[in-house]
Amino acid sequence: IIHQYQFKENYYFVSGDKLENSQDSRYWGLLPESFIVGKATTIWNSKNPLTGKIRWDRVLKRIK
């Protein structure tokens, strides 16, 4: 029985954009920090999840 475990590096849960059909951390597990090679800087596209319409006030906005 394992009572304690300390991770040797940081891991992240990565969520996809398709709720039911997304191959994300629920499918392939946690992502090691060393695998992250970039940083999000801009919102490319944004849709209202209830209506499916584009939220033009968010498109191409910088992420702070």
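Let's fix one term before we start: a residue is buried under 20% relative accessible area, exposed over 50%, and partly exposed in between, using a 1.4 Å probe and protein chains only. The model is predicted, so local features need pLDDT of at least 70 and side-chain atom pairs count only at pLDDT 80 or more, while totals for chains, interfaces and linings use all residues. Numbering runs from 1 along each chain as its sequence is written, and side-chain values use heavy atoms, with hydrogens and water left out.

**Exercise 1. Work out where leucine 30 sits, how exposed it is and what it touches.**

Step 1: place it. Helices (H or I, at least four residues) and strands (E, at least two) are DSSP runs, numbered from the N terminus. Leucine 30 falls in the loop between α1 (25-28) and β2 (31-32).

Step 2: check the cover. Its relative accessible area is 45%, so leucine 30 is partly exposed.

Step 3: list the partners. Contact means heavy atoms within 4.5 Å. Not counting residues up to four places away in sequence, leucine 30 touches Tyr11, Tyr12, Phe13 and Ser25.

Step 4: add a distance. Asparagine 10 is 20 residues from leucine 30 along the chain, and their C-alpha atoms are 9.6 Å apart.

**Exercise 2. Describe the protein chain as a whole, from its secondary structure to its surface.**

Step 1: count elements. The chain has one helix and two strands, and along the sequence they read β-α-β.

Step 2: look at the overall dimensions. The radius of gyration (over C-alpha atoms; the globule rule is 2.2 Å times the number of residues to the power 0.38) needs a reference. A compact globule of 64 residues would come out near 11 Å, but this chain has 17 Å. Along the principal axes, its C-alpha atoms fill a box of roughly 50 × 25 × 15 Å.

Step 3: look at burial and contacts. Buried residues are 12% of the 64 in the chain. Of the contacts between residues at least 6 apart in sequence, 6% join residues at least 24 apart.

Step 4: finish with the surface. By the Shrake-Rupley method with a 1.4 Å probe, where for residues only the protein chains shown count as cover, the accessible surface is about 6600 Å², and 54% of that belongs to carbon and sulfur atoms.

**Exercise 3. In the segment after β2, compile what is known about isoleucine 54, leucine 60 and lysine 64.**

Step 1: take isoleucine 54. With a relative accessible area of 36%, isoleucine 54 is partly exposed. Leaving aside neighbours within four places in sequence, isoleucine 54 contacts Asn45, Ser46, Lys47 and Val59. Lysine 8 lies 46 residues away along the chain, with 41 Å between the C-alpha atoms of the pair.

Step 2: move to leucine 60. Leucine 60 counts as exposed because its relative accessibility is 55%. Its phi is near 65°, a positive value in a residue other than glycine.

Step 3: end on lysine 64. At a relative accessible area of 99%, lysine 64 is exposed. Threonine 41, 23 residues away in sequence, is 7.4 Å from lysine 64, C-alpha to C-alpha.
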